[in-house]
Amino acid sequence: MFNKIQTDTPIAKLISSVVLETAAGIILCKFYHTMPRNNLMCGTPEMLAAKLNLSMWEFNMGIKQLKQLDAIRKYSAREYMVNPDLGYNGEEKRYWVLKHLWDTQTKSGLHKT
């Protein structure tokens, strides 16, 4: 098992060209460090901020910037999903499953199909 970070995708190039706020960089790095196979970080914003050792203000500002860059989306009330085009945990078959989950999700939640 390994974490794969993809550097030659449009979203990765966009993030590399933008100066991330300190909190956004910390959130992205720590999400990748502890990311499970489904690219979801579970917990309330308060729990995740405490886990990442950030204040709520820093956490909210970091998540806001990462959402604007489409690096992270709120998957449900207690889950954030990291864009699989930036990185994922596992083999190529797992990537396509995560890519489908990412593509069928909108900013307001999952598509109703």
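Which residues form one aromatic cluster with Tyr-88? Tyr-95 and Trp-96 form this cluster together with Tyr-88. The model is a predicted one, in which local features need pLDDT of at least 70 and side-chain atom pairs count only at pLDDT 80 or more, while totals for chains, interfaces and linings use all residues. Residues are numbered from 1 along each chain as its sequence is written, and side-chain values use heavy atoms, with hydrogens and water left out.

A search of the whole structure gives 3 aromatic pairs (rings of Phe, Tyr and Trp, the last by its six-membered ring, with centres within 6.5 Å; planes under 30 degrees apart are stacked, over 60 edge-to-face, the rest tilted). In one of them, the ring centres of Phe-59 and Tyr-80 lie 6.1 Å apart with planes at 80°, so this pair is edge-to-face. The pair links distant parts of the chain, 21 residues apart: Phe-59 belongs to helix H4 and Tyr-80 to strand S4 (residues 79–82). Helices (H or I, at least four residues) and strands (E, at least two) are DSSP runs numbered from the N terminus. Both Phe-59 and Tyr-80 are buried, where buried means under 20% relative accessible area, exposed over 50% and partly exposed in between (1.4 Å probe, protein chains only). The rings of Tyr-95 and Trp-96, with centres 4.9 Å apart and planes at 70°, are also edge-to-face. Tyr-95 counts as buried because its relative accessibility is 11%, whereas Trp-96, at 52%, counts as exposed.

The largest nonpolar core (buried Ala, Val, Leu, Ile, Met, Phe, Trp, Tyr and Cys residues joined through side-chain atoms within 4.5 Å) has 23 residues. Those touching the most other members are Ile-27, Phe-31, Phe-59, Leu-66, Ile-72, Tyr-80 and Leu-86. Two or more residues of this core come from each of helix H1 (10–17), helix H2 (22–34), helix H3 (45–51), H4 and S4. H2 gives the most, with 5 residues. Beyond its neighbours within four places in sequence, Leu-66 is in contact (heavy atoms within 4.5 Å) with Leu-20, Ala-24, Ile-27, Leu-28, Ala-71 and Ile-72. A second, separate core of 7 residues includes Tyr-75, Met-81, Tyr-88 and Leu-98.

Met-61 lies in helix H4 (residues 56–68). With a relative accessibility of 36%, Met-61 counts as partly exposed. The C-alpha atoms of Met-61 and Ala-24 are 7.3 Å apart in space, although the two residues are 37 residues apart in sequence.
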